[in-house]
Number of protein chains: 2
Amino acid sequence: MESDVSANSRLTIAAHALTWIGLYQRRGHEVATSEQIAASANTNPVVIRRLLAKLSKAGLVDSRRGAGAGWMLARDLAAITLLDVYQAIEPGPVFAMHRAAPDPECVVGHGIGPAMTAVYDDVEAALRGELAKTTLEDVLRDILKAA
Amino acid sequence: MESDVSANSRLTIAAHALTWIGLYQRRGHEVATSEQIAASANTNPVVIRRLLAKLSKAGLVDSRRGAGAGWMLARDLAAITLLDVYQAIEPGPVFAMHRAAPDPECVVGHGIGPAMTAVYDDVEAALRGELAKTTLEDVLRDILKAA
DNA sequence: CTTGATGTAACCATTTTGGTTACATTGGTG
DNA sequence: CACCAATGTAACCAAAATGGTTACATCAAG
């Protein structure tokens with residue numbers, strides 16, 4: 001215990017992958033391979049494929065198999081928000097309830113669940129609202145501006 | 001991999017502990033012990049003490065040692081927001097960057113870090129803003145209302 | 001039919017999370 | 001003063017999450 005800075009990097013990697021595909025296609029290529037993306041993101045191709053598989057189920061990308069296989073965007077970068085990406089890869093909530101149910105005989109133990117759930121719902125809504133404000137086009141613009 | 005619903009329950013347990021102490025004191029008791037709180041939250045007293053230790057460092061609670069030892073609020077429930085609790089126990093960010101630095105030769109690999117950091121900063125601000133809206137007095141009111 | 005890449009399962013090392021034991025320390029009380 | 005209940009922490013552990021890696025069946029264009 002004691003160390004923090006947990007959190008996972010999936011949203012970052014997924015945004016990286018999609019942005020990379022978008023830029024690659026914009027430069028005239030049909031599809032991008034998980035190997036190319038993995039090289040840019042400095043991770044393993046399987047990690048990329050796992051994320052893209054989820055993004056594919058969410059309708060954000062399409063894949064082509066066989067020879068000349070690879071990935072392509074299903075929508076323009078401007079039509080994909082970070083919320084879309086987040087929802088595609090992170091079904092779980094940010095905050096968890098008690099690991100084991102609290103004492104139902106205790107007033108606090110009995111009522112804290114619903115009370116915190118209500119708050120967490122609002123927090124998640126705020127988080128989603130904020131993620132929805134940024135599209136991958138915005139991210140790419142930021143990237144190109146800084147280059 | 002694959003399962004989700006990660007997230008930790010620390011904020012929930014910490015809010016539970018503080019609310020419990022507040023109600024207990026309101027009923028005329030001087031201090032609450034980690035054992036009592038642990039019984040209500042259905043966890044181990046050491047887990048409670050670990051959290052309260054951090055909350056103590058943040059100035060939200062005080063502890064008394066020796067005989068008649070225990071914990072008491074350093075401020076009224078109405079003067080403690082969930083943001084105060086969150087900051088006391090969760091220094092780390094919600095989203096992480098690449099585990100290994102991306103390819104600096106690649107435009108995306110080079111610029112994605114600052115771009116995502118900017119977004120994440122806004123998201124965290126929104127999350128904190130939402131947590132700041134609720135005080136533990138609000139939580140307790142909710143609990144008592146439902147009882 | 002060959003080939004290059006997807007789609008997934010499987011396995012593993014590392015880290016996080018939280019539960020548990022253990023124990024030194026504290027300070028009021030009998 | 002000795003007792004004792006509870007804090008404050010270290011240490012250890014089991015379970016789960018996170019990502020990296022190998023392996024391989026499948027697919028489809030050439």
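## How the two chains and the DNA fit together

Reader: How do you know that the copies meet through the same surface?

Author: In this predicted model, 100% of the interface residues of chain B are also interface residues in chain A, so the two copies use the same surface to meet. The contact draws 62 residues from chain B and 62 residues from chain A.

Reader: And what makes the relation that of a two-fold axis?

Author: Look at the superposition. A turn of 180 degrees, with a shift of 0.0 Å along the axis, lays chain B on chain A with an RMSD of 0.0 Å. That is just the relation of a two-fold axis, which is why the term applies.

Reader: What is buried between chain B and chain A, and on which atoms?

Author: About 5000 Å² gets buried between chain B and chain A, and 70% of that sits on carbon and sulfur atoms. On the chain B side, B:Thr12, B:Val108 and B:Ile143 lose the most area to chain A, together 11% of what that side buries.

Reader: Which elements of chain B make up the side that touches chain A?

Author: Those giving two or more residues are H1 (10-26), H2 (34-41), H3, H4 (82-89), H5 (107-132) and H6 (136-146), each a helix of chain B. H5(B) supplies the largest share, 15 residues. Sorted by class, that side of chain B has 38 nonpolar, 13 polar and 11 charged residues.

Reader: How many salt bridges does the rule find across the interface of chain B and chain A?

Author: The count there is 0 salt bridges. Polar contacts do turn up: the rule finds 12 residue pairs across the interface of chain B and chain A, both residues at pLDDT 80 or more. Over all chains, the salt-bridge count comes to 16.

Reader: Why is the pair A:Arg128 and A:Glu124 called a salt bridge?

Author: The closest N and O atoms of A:Arg128 and A:Glu124 are 3.8 Å apart. The cut-off is 4 Å between a side-chain nitrogen of Lys or Arg and a carboxyl oxygen of Asp or Glu, so the pair passes. A:Arg128 and A:Glu124 are 4 residues apart in helix H5 of chain A, which means about one helical turn separates them.

Reader: On to the DNA. Which residues are closest to DNA strand C?

Author: 30 residues surround DNA strand C, and the closest are A:Ser63, A:Arg65, A:Trp71, B:Thr43 and B:Arg65. Of the atoms of DNA strand C that come within 4 Å of the protein, 57% belong to sugar and phosphate.

Reader: What makes A:Ser63 a polar contact of DNA strand C?

Author: An N or O atom in the A:Ser63 side chain is 2.3 Å from a phosphate oxygen of DNA strand C. The cut-off is 3.5 Å, so that pair qualifies. A:Ser34 also reaches a phosphate oxygen of this strand, at 2.8 Å from a polar side-chain atom. A:Arg50 goes for a base instead: a polar side-chain atom lies 3.1 Å from a base nitrogen of DNA strand C. The elements giving two or more residues to the surface near DNA strand C are H3 (45-57), E1 (61-64) and E2 (70-73) of chain A, together with H3 (45-57) of chain B.

Reader: Which residues come nearest to DNA strand D?

Author: Among 29 residues around DNA strand D, the nearest are A:Ser9, A:Thr43, A:Arg65, B:Ser63 and B:Trp71. Sugar and phosphate make up 60% of the DNA strand D atoms within 4 Å of the protein.

Reader: How do you know that B:Arg65 contacts a base oxygen of DNA strand D?

Author: A polar side-chain atom of B:Arg65 lies 2.5 Å from a base oxygen of DNA strand D. Set against the 3.5 Å cut-off, that is a polar contact. B:Ser63 has a polar side-chain atom 2.2 Å from a phosphate oxygen of the strand. Near DNA strand D, two or more residues come from H3 of chain A, and from H3, E1 (61-64) and E2 (70-73) of chain B. By class, this surface has 8 nonpolar, 12 polar and 9 charged residues.

Methods: Residues are numbered from 1 along each chain as its sequence is written. Chains are lettered from A and ligands numbered from 1 in the order in which they are written. Side-chain values use heavy atoms; hydrogens and water are left out. A residue is near a molecule or strand if one of its heavy atoms lies within 4 Å of it. A polar contact is a pair of N or O atoms within 3.5 Å; within protein, one must be able to donate a hydrogen and the other to accept it, and residues adjacent in sequence count only if both atoms are side-chain atoms. Contact means heavy atoms within 4.5 Å. Buried area is the accessible area (1.4 Å probe) that two parts lose on being put together, summed over both. Ala, Val, Leu, Ile, Met, Phe, Trp, Tyr, Cys and Pro count as nonpolar, Asp, Glu, Lys and Arg as charged, and the others, Gly among them, as polar. Copies are superposed by least squares on the C-alpha atoms of residues with pLDDT of at least 70 in both.
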